[in-house]
Amino acid sequence: MRRSLGAVRALLWREVIRFLRDRNRVLGALLQPIMFWALFGSGLSASFHPPVPGGTVPYEEYFFPGVVVMILLFTAIFSTVSIIEDRREGFLQSVLVAPVPRSIVVLGKVLGGTCLAMAQGLVLLVLAPLAGIRLTAAVLGESCLVLVPLAFALTALSFCIAWRMDSTQGYHAVMTVFLMPLWLLSGAPFPSLGAPAWLRAIIGANPVTYGLAAFRRVLYPATAPVVAGLPSLGLSLVVTLAFCAFTFGGALALASRTAHPASA
Amino acid sequence: MAPLMSPPASVEVHGLVHDYGEYRALRGVDFSVGQGEIFGLLGPNGGGKTTLFRILATLIRPAGGRALIFGRDVVREAREVRLSMGVVFQSPALDRKLTVRENLDVQGRLYGLGGETLRKAMDDMLQRLRLLDRAETRVDRLSGGLMRRAEIAKGLLHRPRLLLMDEPSSGLDPGARQDLWDLLGGLRESHGTTLLLTTHLMEEADRCDRLAILSEGTLVAEGTPRELKGEIGGDVIVITTAVPVEVRDGIERRFGGPVQVVDGTVRIERPSGHELIPRIVEAFADRIDAVTLGRPTLLDVFIRKTGHRFLGDQAA
């Protein structure tokens, strides 16, 4: 058990070091969503007032939690893309022949990605007052509690996709047609209220919707119009945790299938 | 049961078979490697070397047959097998963004080392591989030779009794290659480490205690380099000519066979080749560009056994 923890910690630490040594990645992963928020938020605020029960909400404010989720998703993608090349000719080769169970390998990688995603998400989160969202220590703490499982699930999901890919080009294709829509149709850039029924159905079936709903619910008091009509906090958390379990199980199954599972 | 006197072989392979879809990469391979031996797997690209390597490294499961490392099955006892061996891949498995020491640190923790034990193991390994002054250098700033040394340090960190190496000197210049071999020899002397390596370089194969030649998924020869060369016996005559087939047929008619054409040259193995040469030259002077006479080399053995001339760099 202690050995396994040592191995997980080493793999997690490696992800963090790698990330910090890559200045471009730090900047890219942070600046892009902030730019997105600043440009789309202010650009669209004049023409687009997302409808909420009983009125509308400024777009910068509506869009903000969605941008935090976007950071989580982008960081998850960036931290797993290395799997594709690492596995056949790189660092991962030696991890796969080490006497550690595959669950430890997957856990180390996914937790590493989760940490990075959370760190970046937090940098943006503290800017919430700029978007007109009140931030207290309690809200910040609760936000972390709901964002961690979402970041974990998104990293595990990216892990699954990266593991099956032969090329980074393929990964980009999947990202565009699968991962981005996952974010687009989660209520992040526009609410499901007022969307056509078929779109509402997709948004309702998307697990990311629930992670984002949980996040909005801890940002606002229960009576705020912005959160009216969203799934309840309880349901959102249950779905998000199930999303974690499902994606992590998938990652584990994939990583174990191609080579022997190491016992113990 | 093996008698208690003899320890289990380092590596034992019985009837190993592997397929990639329709393609059969290994067609029933058997061999064993004694403890402390330097054993080479020689073969053309696509001959099955890499597949065999990946099976022994516990990366892929064989479709049939068994492979044992120190008496333990690579599939059913993967964890024990992994603990008892170090693996050095052909393509670097170091994290290039990390320093040499950081790489060793991660590796050690994956093998259950930690604290003082790990620190000592790292210092010892860095010293043995003469990497102490580069310990804090990021891997992507190392030369090819140093990178390979760091790679080996990583593979040896947990003191395995067997080191598997895939094409250990690929990408190294002759100086670095010599260094590597001095190191590997020393390792066997001081720790009795068994080395199993794949190679397509004859000069490297010549340094092994024993060799197995793998071609088209089968072992076509096995023995010490001396034994293998002895099988050919006598001399090898190589004739360079613009019309190899014509010359071959002519020689066969006049002096008897076997005579081979390999990659545009005519090859003859004879007990006393020097006596034959003047007669051949006399008979075919107008068609011969050059004649060489030599003792059989591993390359000759290889050509005889596989019908290939060039090992590396051709399409697999």
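This tour moves through a predicted model, stop by stop, with something to select at each one.

**The whole of chain B**

Begin by selecting chain B, whose C-alpha atoms fill a box of roughly 75 × 45 × 40 Å when this is taken along the principal axes. Colour chain B by secondary structure, and you can look for its 11 helices and 14 strands. Of the 316 residues in chain B, buried ones make up 41%. If you consider the contacts in chain B between residues at least 6 apart in sequence, 70% of them join residues at least 24 apart.

**The two domains**

Next, give separate colours to residues 11-225 of chain B, which are domain 1, and to residues 234-295, which are domain 2. How far apart do the C-alpha centres of these two domains of chain B lie? The distance between the two centres is 41 Å.

**Three strands of chain B**

Now select residues 11-20 of chain B, which form strand 1, together with residues 64-69, which form strand 4; these two strands run antiparallel and are joined by 5 bridges. To find one place where strand 1 and strand 4 meet, pick B:Glu12 and then its bridge partner, B:Leu68. Keep strand 4 in view and add strand 5, residues 72-73 of chain B, which is antiparallel to strand 4 and joined to it by 2 bridges. Here B:Ile69 has B:Arg72 as its bridge partner. Strands 4 and 5 of chain B form a hairpin with 2 residues between them, and in the turn you can click on B:Phe70, which has a positive phi of about 45°.

**The nonpolar cores**

Show both chains again and select A:Val69, A:Leu72, A:Leu73, A:Ala156, A:Ala251, B:Ala153 and B:Leu164, the residues that touch the most other members of the largest nonpolar core, which has 147 residues. Centre the view on A:Ala156, and, leaving aside its neighbours within four places in sequence, look for its contacts with A:Val110, A:Cys244, A:Thr247, A:Phe248 and A:Ala251. Apart from the largest core lies another, of 9 residues, and you can select some of its members, including B:Ile251, B:Val259, B:Val266 and B:Ile280.

**A helix in chain A**

Finally, go to residues 197-205 of chain A, which are helix 9, and pick A:Ala197 within it. Is A:Ala197 buried or exposed? A:Ala197 counts as exposed because 7 other C-beta atoms lie within 10 Å, and the cut-off for an exposed residue is 12 or fewer. From A:Ala197, draw a line to the C-alpha atom of A:Ala224, which is 27 residues away in sequence and 24 Å away in space, C-alpha to C-alpha.

Definitions and conventions: Residues numbered from 1 in each chain as written. Chains lettered and ligands numbered in written order. Predicted model: local features only at pLDDT ≥ 70, side-chain atom pairs only at ≥ 80, totals over all residues. Domains from an automatic or database assignment. Helix = DSSP H or I, 4+ residues; strand = E, 2+ residues; numbered from the N terminus. Buried ≥ 20, exposed ≤ 12 C-beta atoms within 10 Å, placed from the backbone. Contact = placed C-beta atoms within 7 Å. Core = buried A, V, L, I, M, F, W, Y, C linked by C-beta atoms within 7 Å. Pairing = 2+ DSSP bridges.
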